[in-house]
Amino acid sequence: MNKQLLDKLQDKKEAYRGWKEGKIAWEEYREIVRAVRDQVRKVKAPIELNLARDVKGNEKSFYRYVRDKRKTRKNMDCHWREMGDLVTQDTEKAEVLNGFFASVFTRIAPATLPK
């Protein structure tokens, strides 16, 4: 990244802060975001093209780039059930997380809400 792009990213952060505080209109903020996104894409395109072209000769840099793009960095740790049991199996972890999210995102009927 060059200095100009880093400055644009900083401007984007400041615009977001200004929008949250009500100092900048949403449309103005979106224009800044789009401009920065376009510049980032223009900078990334030749870098990715060079990595893809030179993958046979320089595999290490290619796989380092791919590894940095992964969404998860490590495996999920163990979870605890409500009864205090330790959960280590993947299917059990999925059940615990499903139960949690189902309890958080379940709608309560208006008649059952406290008054």
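So, V40: if we skip residues up to four places away in sequence, V40 touches L5 and L9. This is a predicted model, by the way, so please hear everything that follows in that light. V40 itself sits in helix α2. Its C-alpha and the C-alpha of L5 are separated by 7.4 Å, although the two residues are 35 apart along the chain. And is V40 buried, partly exposed or exposed? With a relative accessible area of 23%, V40 is partly exposed, because the cut-off for buried is under 20%.

Okay, staying with α2 for a moment. This helix covers residues 26-53, which is 28 residues. From first C-alpha to last, α2 reaches 40 Å, close to the 40 Å expected at 1.5 Å a residue. Its buried residues are Y29, R30, V33, V36 and L51. What do those buried residues pack against? Two helices: α1, residues 3-21, and α3, residues 59-69.

There's also a salt bridge in α2. E31 pairs with R34, and the closest N and O atoms are 3.6 Å apart. The two are 3 residues apart in the helix, so about one helical turn separates E31 from R34. R34 has a relative accessible area of 40%, so R34 counts as partly exposed.

Now over to α1. G18 is in this helix, and G18 is buried, with a relative accessible area of 8%. Which residues does G18 contact, once we leave aside neighbours within four places in sequence? Those are K23 and I24. If you want a distance across to α2, take G18 and Y29: they are 11 residues apart in sequence, and 8.6 Å apart in space, C-alpha to C-alpha. Y29, remember, was one of the buried residues of α2.

K23 shows up again in another salt bridge. Its partner is E21, with the closest N and O atoms 3.1 Å apart. Both K23 and E21 are exposed, while G18, which K23 contacts, is buried.

One more pair in α1: D7 and K3. They form a salt bridge with the closest N and O atoms 3.0 Å apart. Both lie in α1, 4 residues apart, about one turn of the helix. Their exposure classes are worth a look. D7 has 35% relative accessibility and counts as partly exposed, whereas K3, at 61%, counts as exposed, because the line for exposed is over 50%. For the whole structure, the search finds 4 salt bridges, and I've shown you some of them.

Let's go to the other end of the chain. F100, F101, V104 and F105 form a nonpolar patch on the surface. Together these residues have about 460 Å² of accessible area. V104 is found in helix α4, residues 90-104. At 44% relative accessibility, V104 counts as partly exposed.

Right, zooming out. The secondary structure comes to 4 helices and 2 strands. In what order do they come along the sequence? The pattern reads α-α-α-β-β-α.

How much of the chain is buried? Of the 115 residues, 10% are buried. The accessible surface comes to about 10400 Å², and carbon and sulfur atoms account for 54% of that. On contacts, take the ones between residues at least 6 apart in sequence: 19% of them join residues at least 24 apart. The V40 and L5 contact I opened with spans 35 residues along the chain.

Last thing, confidence, since you'll ask. The mean pLDDT of the chain is 84, and 82% of the residues reach 70 or more. Which elements sit at the two ends of the range? Strand β1, residues 79-80, has the lowest mean pLDDT of the elements, at 68. Helix α1 has the highest, at 95, and that's the helix with G18 and the D7 and K3 pair.

Conventions
Residues numbered from 1 in each chain as written. Predicted model: local features only at pLDDT ≥ 70, side-chain atom pairs only at ≥ 80, totals over all residues. Heavy atoms only, no water. Expected span 1.5 Å × (residues − 1). Buried < 20%, exposed > 50% of the residue type's maximum accessible area, 1.4 Å probe, protein only. Contact = heavy atoms within 4.5 Å. Patch = residues over 30% accessible without salt bridge, like charges linked within 9 Å, V, L, I, M, F, W, Y side chains within 5 Å. Areas by Shrake-Rupley, 256 points an atom, 1.4 Å probe, with all protein chains shown as cover. Salt bridge = Lys/Arg side-chain N within 4 Å of Asp/Glu carboxyl O. pLDDT = per-residue confidence, 0-100.
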